[in-house]
Amino acid sequence: MSMSENLAPALLPRHIAVIMDGNNRYGKVHNLGKGQGHIAGKDALDPIVEYCVSTGIEVLTVFAFSSENWQRPPTEVALLMHLLSLTINEQMPRMVKYRIRLRFIGDRSQLSDDLQLLMADAEAKTADFDAMTLVIAISYGGQWDIAHAAKQLLQQVQAGQLSIDDIDKEKLGEYVQLADAPEVDMLIRTGGEYRLSNFLLWQSAYAELFFTPTLWPDFSVDELAAMLEDFAQRQRRFGKTSEQIVTAQQIS
């Protein structure tokens, strides 16, 4: 058992988001065939999912395919779409075994009908599971997410169902993806890059950021456990002073 599994629930993040970067570089480093790095990355998700549910994480969101990834070579996009279908099919027994709810976020209009049906079927079959929620972001971009939410609010204003004066941060937050889930507490990016790449921009406003040079296929449960221990030591102030946080902790 890792040290992080002994941490009090109050010290753990409720929602972890992961940018799974480095698959292509992993393939090149290991002289793998074209696309094999992505396959290795797909397999690396399984132990992370199992560890998160065993540790008590409520939501794990992973960035599988961004809205910008459509610009990649058509052969790579086709492979990634195929791997996404395989991932969904392979994850289903694990979802049932551990009672994990499976959800998807992103612009589904750009996906094939078959993939959309597969996603909807997986969501329906796991809708009542409550051990943890695994969210897979497909064709997702944070800017698209916010614009899509704003568009929905505008439609309500035009229909006379909402006044423009009713629109504030809280109201907009009701229409972004994962509005019903806890905000992201901990955002991890593997692969050595130091940027958010348009991922969960609204939901990660106060997330603790973790960057690692480890390529995603090499990212392990042990490294995640070490990050959780680091997370537990951080003071999350949300705009307040350290003194206010300490005082609130003493009162509670």
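# A guided tour from fold to pocket

Start with the whole protein chain in cartoon view: its secondary structure comes to 8 helices and 6 strands, where helices (H or I, at least four residues) and strands (E, at least two) are DSSP runs numbered from the N terminus. This is a predicted model, in which local features need pLDDT of at least 70 and side-chain atom pairs count only at pLDDT 80 or more, while totals for chains, interfaces and linings use all residues. Residues are numbered from 1 along each chain as its sequence is written, and side-chain values use heavy atoms, with hydrogens and water left out.

**Stop 1: the overall view**

Trace the chain along the sequence and you will follow the pattern β-α-α-β-α-β-α-β-α-α-β-β-α-α. Along the principal axes, the C-alpha atoms fill a box of roughly 55 × 55 × 35 Å. The radius of gyration is 19 Å, which agrees with the value near 18 Å for a compact globule of 252 residues; it is taken over C-alpha atoms, and the globule rule is 2.2 Å times the number of residues to the power 0.38.

Now switch on the surface. The accessible surface comes to about 13,100 Å², and 51% of it belongs to carbon and sulfur atoms (Shrake-Rupley method with a 1.4 Å probe; for residues, only the protein chains shown count as cover). Buried residues make up 48% of the 252 residues; buried means under 20% relative accessible area, exposed over 50%, and partly exposed in between (1.4 Å probe, protein chains only). Among contacts with a separation of 6 or more, 74% join residues 24 or more positions apart, a contact being heavy atoms within 4.5 Å.

**Stop 2: Asp21 and Asn69**

Select Asp21 and Asn69, which UniProt, in an unreviewed entry, places under "active site". They span 49 residues in sequence, yet no two of their C-alpha atoms are more than 12.3 Å apart, so they gather at one spot. Both Asp21 and Asn69 belong to the lining of the largest pocket. On a 1 Å grid over the protein atoms alone, a pocket is an open set of points where a 1.4 Å probe fits, with protein on both sides within 12 Å along at least five of seven lines; lining residues have an atom within 4 Å of a point. UniProt positions follow the numbering used here, feature names are shortened, and annotations may be inferred rather than shown by experiment.

Zoom in on Asp21, in the loop between β1 (15-19) and α1 (23-29). Asp21 counts as buried, at 18% relative accessibility. Beyond residues up to four places away in sequence, Asp21 touches Arg189, Thr190, Gly191, Glu193, Thr214, Leu215 and Trp216.

Next, move to Asn69, in the loop between β2 (59-66) and α3 (74-98). Asn69 is buried too, with a relative accessible area of 16%. Show the backbone here: the nitrogen of Ser66 lies 2.8 Å from a polar atom of the Asn69 side chain.

**Stop 3: Glu208**

Keep Asp21 selected and add Glu208; the UniProt annotation "binding site", from an unreviewed entry, covers both. Of these residues, the lining of the largest pocket includes Asp21. Glu208 lies in strand β6 (residues 208-211) and is buried, with a relative accessible area of 16%.

**Stop 4: Thr61**

Finish in strand β2 with Thr61. Thr61 is buried, at 0% relative accessibility. Its side chain makes a polar contact with the side chain of His15 (2.8 Å). Such a contact is a pair of N or O atoms within 3.5 Å; within protein, one must be able to donate a hydrogen and the other to accept it, and residues adjacent in sequence count only if both atoms are side-chain atoms. Leaving aside neighbours within four places in sequence, the residues in contact with Thr61 include His15, Ile16, Val135 and Phe199.
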